[in-house]
Amino acid sequence: MTFKIVVCIKQVPDTNDIKWTEHNTIQREGLDSVINPYDIGAIQLAKNFKYLIPDSEITVVTMGPNQAIDALKTAVAMGCDDAVLLSDKRFSGSDTLATAYCLSQYIKTFVPDFDLIICGQQAVDGDTAQTPSSMAQKLNIEQITNVIAIKEANNDFSVCIKDTNDYKQEIKASYPFLMAFSQRDIDIIPDINGYIKAQNKTITVLNADDIKADTDSIGIKGSPTQVRKAFRPLNNRESIRIENESVQNIADFIVNEVNKCRTADE
Amino acid sequence: MNNRVLIYIEVNNGVVARVSKEIISHAKQNFLQSSIDGIVLGDEQSIDSALFDLKQLGLNKLYIIKDNLLDMTNAKVYANALSVFLENNQYDVLLMGATSDGRDIAPRLASKQDIGLTADCTGLEVDENGNLLATRPTYGGQLMATIVSKTKPNFATVRPGAFKYLQQSCNNETEIEYFSLSFDGLCSLLEVLYSENKPAAEDWTCSEIIVAGGLGIQNKENFNLIYKLADLLGAKPAASRAAVEQGWAEQSIQVGQTGNSVSPKLYIAFGISGAMQHMTGITNADKIVAININKDAPIMSGADIAIECDAVSLLHTLIGKLSD
Ligand SMILES: Cc1cc2nc3c(=O)[nH]c(=O)nc-3n(C[C@H](O)[C@H](O)[C@H](O)COP(=O)(O)OP(=O)(O)OC[C@H]3O[C@@H](n4cnc5c(N)ncnc54)[C@H](O)[C@@H]3O)c2cc1C
């Protein structure tokens with residue numbers, strides 16, 4: 001039986017290159033979109049699974065506007081077998097909850113017999129890291145986040161290494177489950193065959209009806225969170241400048257600051 | 001108006017997580033007209049050893065879910081148990097620490113309850129209507145977003161170190177209520193084969209004075225001066241990511257977006273340029289003193305006191321002075 005892997009990716013603005021308008025919105029013009037770096041790690045991990053479990057099939061899915069087809073084509077060139085775009089005007093404005101709902105509806109409707117879902121740990125634009133766990137809950141499966149490596153994998157189970165700021169664990173899980181991979185520095189350079197495969201690949205495009213989504217749970221309507229205001233971190237500090245001062249004087253000044261901070265304690 | 005606030009109290013190996021205390025301190029100081037309850041989950045051993053501390057947290061009421069199935073934190077099991085609790089108890093605001101476990105549990109709980117969640121916040125306020133205004137950095141700290149949610153409870157996770165923990169003596173013991181639920185069909189399907197805790201970051205994130213070094217320190221040998229000065233001042237050392245990448249300091253003492261958030265009284269930065277990703281980690285420091293040879297470095301306009309000076313010779317001078 002085919003081992004079915006679903007990789008969820010996101011197209012994000014190239015955050016190394018953001019320019020801001022005076023209204024604190026991102027200047028979209030001329031801004032490149034890229035696959036979220038963590039998701040490239042997820043694709044690589046899926047390929048590793050395919051190597052370990054020969055009869056595997058990797059489906060890559062994203063939700064977004066039509067332009068996200070570019071990201072999916074790239075993912076196919078990188079080694080994914082099939083690609084699916086969830087695209088519908090009614091999806092727009094979805095927050096993480098609505099996004100997780102849509103992705104899980106897609107999986108329930110089209111790949112109910114999946115074995116493994118792989119996501120990137122987080123997206124570099126929002127950094128919220130919520131979507132994978134939120135999805136796992138909607139699918140009622142176990143999750144392992146912050147995965148840095150796979151120690152063992154076969155048809156029945158895999159052993160993942162989870163590494164967080166607080167602890168490191170080796171966890172054994174049987175399928176199906178969801179895993180969030182936290183390596184962001186992996187790059188996959190597709191070869192010419194990859195590009196040809198991608199060019200000839202038809203990307204499946206699905207709308208809200210196709211995935212049997214309840215329209216109250218998607219888009220702005222299905223998104224409880226709203227941005228009330230966005231602002232560039234302002235500098236509200238007094239900013240006293242000390243220039244052309246002797247090192248001795250500066251040292252005295254700092255010792256004095258330390259003492260002031262200590263006496264304020266008592 | 002009485003706003004009902006629930007804080008998830010994280011207990012690890014019988015110890016109350018510092019971030020839980022930070023959230024309580026912040027809520028008590030800033031959320032007026034609110035009653036603040038807590039909820040804690042764990043197995044018998046963990047809860048019993050934390051019980052004394054739990055009673056001292058100054059909460060209005062503490063709910064405990066104690067079951068031996070809760071020995072290892074499993075996001076699915078914890079989220080579902082908390083969800084059952086929320087179905088039986090109504091709250092306006094729900095807060096949790098954005099620790100590794102908190103970040104796993106919170107989205108599942110929000111998903112189960114179909115409520116909004118604002119993750120990894122560094123600022124929290126309650127407006128006049130009792131709505132939670134949750135502020136978090138996005139785009140690597142380049143933009144701050146204040147987020148509201150139209151579902152109750154308004155739910156947010158909070159970055160460890162973002163708020164100050166104010167130790168308060170509390171005279172009245174917290175009222176405790178055990179909440180029980182059926183764990184039928186709700187057990188972990190994961191098998192933890194091996195687990196190793198990392199040293200808690202809290203013994204330094206809570207420090208009053210932090211001495212931090214960046215690439216301007218130039219080499220590993222010079223970076224030892226940061227440790228030495230920190231030691232002499234009874235302060236804690238810290239590093240920028242660039243310094244960590246050079247191998248001058250451990251990642252555990254990195255400050256910033258991908259490191260720690262800190263809120264000391266005094267943050268002294270030696271040879272750090274002040275990239276946004278670094279500054280996000282120190283927005284809640286009371287006072288920032290920056291030492292840089294370049295008076296146009298970004299940190300010089302982001303600090304309270306900007307000193308144009310060679311960091312290495314200043315470190316030598318300070319150490320000389322303090323060693324006398
Ligand atoms: C996704 C992402 C996450 C990141 N997360 C973090 C994070 O968590 N923490 C973090 O710190 N960074 C983080 N960074 C990196 C960040 O962008 C900066 O590259 C980093 O903070 C720079 O470190 P630095 O200030 O030590 O080095 P530099 O930027 O190289 O600055 C060195 C400074 O030292 C000054 N200097 C040089 N010589 C001397 C001297 N003799 N005396 C005094 N001053 C001197 C220079 O003028 C300069 O201002 C992240 C980046 C990305 C892309």
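This passage covers the ligand site and the aromatic contacts of a predicted model.

As a predicted model, it counts local features only at pLDDT of at least 70 and side-chain atom pairs only at pLDDT 80 or more, while totals for chains, interfaces and linings use all residues. Residues are numbered from 1 along each chain as its sequence is written, chains are lettered from A and ligands numbered from 1 in the order in which they are written, and side-chain values use heavy atoms, with hydrogens and water left out.

The ligand sits between chains A and B. Around it are 27 residues, taking a residue as near if one of its heavy atoms lies within 4 Å. The closest of them are Ser240(B), Thr258(B), Ser273(B), Asn292(B) and Asp310(B). Sorted by class, the shell holds 15 polar, nine nonpolar and three charged residues; here Ala, Val, Leu, Ile, Met, Phe, Trp, Tyr, Cys and Pro count as nonpolar, Asp, Glu, Lys and Arg as charged, and the others, Gly among them, as polar. Two helices of chain B, helix 7 (241-245) and helix 8 (276-279), each give the shell at least two residues; helices are DSSP runs of H or I with at least four residues, strands are E runs of at least two, and both are numbered from the N terminus.

The protein backbone also meets the ligand. Nitrogen atoms of the ligand lie 2.8 Å from a polar backbone atom of Val255(B) and 2.9 Å from one of Ala311(B). At Gly271(B), a backbone N or O atom is 3.1 Å from a ligand oxygen. On its own the ligand exposes 990 Å², and the protein buries 80% of that (Shrake-Rupley method, 1.4 Å probe).

Now for the rings. Rings of Phe, Tyr and Trp (its six-membered ring) pair if their centres lie within 6.5 Å, and planes under 30 degrees apart are stacked, over 60 edge-to-face and the rest tilted. That rule gives nine aromatic pairs over all chains. Phe3(A) and Tyr175(A) pair edge-to-face, at 4.9 Å between centres and 80° between planes. This pair links distant parts of the chain, 172 residues apart: Phe3(A) is in strand 1 (residues 3-8) and Tyr175(A) in the loop between strand 9 (167-174) and strand 10 (177-181) of chain A. Phe3(A) counts as buried because its relative accessibility is 3%, and Tyr175(A) is buried at 15% (buried means under 20% relative accessible area, 1.4 Å probe, protein chains only). Tyr175(A) also stacks with Phe177(A), at 5.8 Å and 10°. Together with Phe49(A), these three residues, Phe3(A), Tyr175(A) and Phe177(A), form one aromatic cluster.

Technical notes:
A polar contact is a pair of N or O atoms within 3.5 Å; within protein, one must be able to donate a hydrogen and the other to accept it, and residues adjacent in sequence count only if both atoms are side-chain atoms. Buried means under 20% relative accessible area, exposed over 50%, partly exposed in between (1.4 Å probe, protein chains only).
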